[in-house]
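Here are a few short exercises to work through with the viewer open. Try each task before reading its solution.

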Amino acid sequence: MLLGSGELGKEVVIAAQRLGNTVIAVDRYANAPAMQVADIAEVVSMQDGDALERLVKRHQPDYVVPEIEAIRTSKLLDLERQGFRVIPTAAATNYTMNRDRIRELAHSELGVRTPRYGYANDLASLESISQDLGFPNVVKPVMSSSGKGQSVVRSPEEVAEAWEYAMTGSRGESERVIVEEFINFEVEITLLTLRQWNGTTLFCPPIGHRQERGDYQESWQPVGLSEAKITQAQEMAKTVTSALGGAGIFGVEFFVTQDEVIFSELSPRPHDTGMVTMISQNLNEFELHLRAILGLPIPKIEVLSPGASTVILSDRHSDTVFYEGVDEALAEADVEIRLFGKETARPYRRMGVALAKGDTIEQARQKASRAAAQVRLSYVDKE
């Protein structure tokens, strides 16, 4: 049972179907991307713990696989106690639903290097913490996804606006934000970290990514990092994921500066920046996730070619979306397009992704960016 049925979930379903599984896709709205390829679709608010429990008990899934943050995770803990297997674990999902929990685990309990940070529950405390950390700093809701509500605050005059923006992007009932020092990094990376039930922790080669508005815009693999920095990232990722336990893929994000690697965030599931692995690796992140969940062997993970991904975004609200220029994008060799099948659009909503490989990372990034720009959205609104 997949809890959350977006574009990442859609690829999880495809990977699961290829290995002969029956998949129940759950989301708060009908015909979500993963529902379009699943065996069964269920529409329910996953913040409604009682409704979620009724659904799980009715279907009796072998695995409950969360794909989003907006879930009543206390209910997952209860279901796990009743004998249902939650991936990677209910505790991991509970920790990572809120940024404050995973940050406290990493920094305070495990001693992992993170940005300096503090928490604010109202505008006054945000103003005070911002002054202590200095400007610029980064303000994020403790519970959100895809960069919603995240902003860089460059002066005291921007603090009130950052608070309001964080509240509009917050998920769930929390009115709390985390404030971080601004890290002057050379590159942000995702280290896809794979825990197995009875095997060693494995790692994909690091993925570089670029963000805007707190949401990923492009990613590429591999990244030109020294072996020392890769080892440093792997050690931190293994420390945190070992504390969370279970099996499956974790998307562990780091800032890489000239001198060090700094832990940023963690998702206990396939990561949006990891969509590049659909063209760059021998096994993509979704296939790896399923192999780990099912206890299947993973003899080798390797990058077959430099690869890149660039998102295809909507620029407006619309009830109906059509796509043009796909033929132009696919006319170039070693380019693939994934359109997610989302029925409605809103500004900056991720509607698809262009994937490309090349002889070099620079070439792959250019090809992916060019292909994404060629795919144009057209809209038909209801009267």
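**Exercise 1: charges over rings**

Find out which ring the charged end of Arg 365 sits over.

Solution. Start at Arg 365 and look at its charged end: the ring below belongs to Trp 220, with the centre 3.7 Å away. Keep in mind that this is a predicted model. Next, go to Trp 197, where Arg 85 lies over the face, at 4.5 Å from the ring centre.

**Exercise 2: aromatic pairs**

Work out how many aromatic pairs a search of the whole structure finds, and classify the pair of Tyr 117 and Tyr 119.

Solution. Step one is the count: the search turns up three pairs. Step two is picking the descriptors, and for a pair of aromatic rings these are the distance of the centres and the angle of the planes. Step three is applying them. For Tyr 117 and Tyr 119 the ring centres are 5.7 Å apart and the planes stand at 65°. Planes over 60 degrees apart count as edge-to-face, so this tyrosine pair is edge-to-face.

Now do the same for Phe 254 and Phe 263. Here the centres are 6.1 Å apart and the planes are at 80°, so this pair is edge-to-face.

Last step: are these rings buried or exposed? The cut-off for buried is under 20% relative accessible area. Tyr 117 comes in at 18%, so it counts as buried, and Tyr 119, at 18%, counts as buried too. Phe 254 has 1% and is buried, while Phe 263 is buried with 0%.

**Exercise 3: the surroundings of Thr 241**

Locate Thr 241 and decide whether it is buried or exposed.

Solution. First, place the residue: Thr 241 belongs to helix 8, which covers residues 227-244. Second, check accessibility: the relative accessible area is 0%, so Thr 241 is buried. Third, look for a polar partner: a polar atom of the Thr 241 side chain lies 2.8 Å from the backbone oxygen of Ala 237. Finally, skip the neighbours within four places in sequence, and the contacts of Thr 241 are Thr 193, Arg 195, Phe 250, Val 252 and Leu 266.

**Exercise 4: two helices**

Describe how helix 4 and helix 5 are arranged.

Solution. Two packed helices call for the angle between their axes and the distance between the axes. For helix 4 (residues 90-97) and helix 5 (residues 99-109), the axes come within 4 Å and cross at roughly 100°. That makes helix 4 roughly perpendicular to helix 5. To see who does the touching, show Asn 94, Tyr 95, Thr 96 and Met 97 of helix 4, which meet Arg 99, Arg 101, Ile 102, Leu 105 and Glu 109 of helix 5.

Note on methods. Residues are numbered from 1 along each chain as its sequence is written. This is a predicted model: local features need pLDDT of at least 70, side-chain atom pairs count only at pLDDT 80 or more; totals for chains, interfaces and linings use all residues. Side-chain values use heavy atoms; hydrogens and water are left out. Buried means under 20% relative accessible area, exposed over 50%, partly exposed in between (1.4 Å probe, protein chains only). A polar contact is a pair of N or O atoms within 3.5 Å; within protein, one must be able to donate a hydrogen and the other to accept it, and residues adjacent in sequence count only if both atoms are side-chain atoms. Contact means heavy atoms within 4.5 Å. Rings of Phe, Tyr and Trp (its six-membered ring) pair if their centres lie within 6.5 Å; planes under 30 degrees apart count as stacked, over 60 as edge-to-face and the rest as tilted. A charge sits over a ring if NZ of Lys or CZ of Arg is within 6 Å of the ring centre and within 35 degrees of the ring normal. Axes are lines fitted to C-alpha atoms, for helices over the stretch in contact, and angles run from 0 to 180 degrees between N-to-C directions. Angles under 35 degrees count as roughly parallel, over 145 as roughly antiparallel, 65 to 115 as roughly perpendicular and the rest as oblique.
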